[in-house]
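Trainee: I should like to learn how strand pairing and backbone angles are read from a model. May we work through an example?

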Amino acid sequence: MQRFDAGGLVLTVSFSGSSAEGAQEAQVSLAAKVRFMSDGSAYGETGKTVDVVETHMSFVFLVGDRVYKFKKPVELPFLNLATLASRKANCLAESTLNRRLAPDVYLGVTPLTRLPGGGLKIGGEGEAVEWLVVMRRLPEELMLDHLLASGPLEDGKTERLAARLAVFFRGATRGEIAGAAYFERLRSEQADNRAILTRRRFAVDHGRVPIVLDRMDAALSSARALLESRAEARHLVDGHGDLRPEHICFNDGIDIFDCLEFSAGLRLADPVEEIAYLGLECELLGVPSLGPDLFARIMRDMGEASPFRLFHLHYARKGLLRMRLSLAHLLDPAPRQPAKWEPLAARYMALAERGLDRLDAAVSPPQPERG
């Protein structure tokens with residue numbers, strides 16, 4: 001078992017358990033599971049190419065028209081995947097929740113089993129040593145991030161995406177959270193941002209960081225009544241939680257996948273937050289117009305006013321959150337792509353500043369011309 005600081009959280013990576021289930025797991029190491037799943041013969045065809053992607057929480061294996069994913073044995077204050085049973089429950093939750101927006105993509109959950117002779121098999125009658133989410137593989141070239149690489153999204157696709165999200169947000173389960181509790185959650189997030197972003201070990205602009213953080217504090221305080229009223233009026237929903245361009249595919253329909261399955265609390269959000277987050281990520285890719293365009297269309301389709309003040313506030317919030325999460329990768333004992341995170345954090349800070357500038361412009365009355 002290994003513990004380390006990950007973005008202000010204590011992360012535990014566990015490679016065995018103390019129960020009978022843990023003893024069974026210990027007989028098959030994490031490395032052995034990855035090695036087996038990386039071999040094309042595991043899928044019934046020798047020589048088949050397997051593309052392996054490691055994320056912060058999972059190993060993903062892309063082979064033919066299928067995707068297989070298993071979770072790393074990690075433990076966080078809001079997520080415990082240290083046991084096989086907890087990883088199975090998480091896989092089932094991922095499959096169920098993602099069927100809300102990608103019903104034909106998530107095909108179910110299947111075990112990785114250990115055979116009597118010691119070999120491994122996907123499915124089968126042996127004892128489960130891991131659990132796999134099984135998905136239909138989507139065409140990479142139809143992902144929104146790939147489409148945006150060639151410029152703004154064509155109007156027909158924008159309208160379809162807005163309609164898809166509006167239907168989802170209208171039908172999503174409404175959240176039960178007091179306004180004061182919601183605001184405290186946002187303030188706590190900002191305190192976590194400050195604790196990480198002001199660490200001198202990171203190569204960021206330490207002159208600008210406190211200024212941006214102070215501006216965000218002031219913006220939240222100024223908008224407190226509005227934020228609390230949104231929660232009290234039950235605008236918050238059980239949403240997607242990680243609405244980014246790389247999670248949206250313009251297939252035959254529109255498949256939106258890879259939601260934040262492990263925490264209902266973190267998924268509980270105002271639709272404005274979700275759209276602002278998507279807008280932030282689109283602007284990071286060089287298309288600043290898509291977020292506001294989608295926001296206006298979705299609010300229209302939902303029959304609501306378009307509170308752009310709220311959109312800009314959440315845009316800036318998400319920029320600082322993404323900045324913090326980027327830098328938090330460097331707190332891992334062996335971070336993946338270590339050269340990536342500080343430049344990316346700087347880009348997110350610039351976007352957060354841009355969002356705060358737009359917020360200031362939205363709330364400040366126009367000044368009369370001097371003549």
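Mentor: Let us begin with strand pairing. Strands β8 (residues 106-114) and β10 run antiparallel and are joined by 8 bridges. The model is predicted, with local features requiring pLDDT of at least 70 and side-chain atom pairs pLDDT 80 or more, while totals for chains, interfaces and linings use all residues. Residues are numbered from 1 along each chain as its sequence is written, and side-chain values use heavy atoms, leaving out hydrogens and water.

Trainee: What makes two strands pair?

Mentor: Two strands pair if DSSP finds at least two bridges between them. Strands are DSSP runs of E with at least two residues, helices are runs of H or I with at least four, and both are numbered from the N terminus. Within the β8 pairing, P111 stands opposite W131 in β10.

Trainee: How many bridges does β5 form with β10?

Mentor: Strand β5 (residues 66-71) pairs with β10 over 4 bridges, in the antiparallel sense. Here V67 stands opposite M135 in β10.

Trainee: Is β10 mostly covered or mostly open?

Mentor: Strand β10 (residues 127-136) is mostly covered, with 7 of its 10 residues buried. Buried means under 20% relative accessible area, exposed over 50%, and partly exposed in between, using a 1.4 Å probe and protein chains only.

Trainee: Which sign of phi do most residues other than glycine have?

Mentor: Most of them have a negative phi. R234, however, has a positive phi near 60°. R234 lies in the loop between α8 (224-232) and β11 (237-238), and counts as partly exposed because its relative accessibility is 37%. Q337 also has a positive phi, near 50°, and is found in the loop between α12 (308-328) and α13 (338-363).
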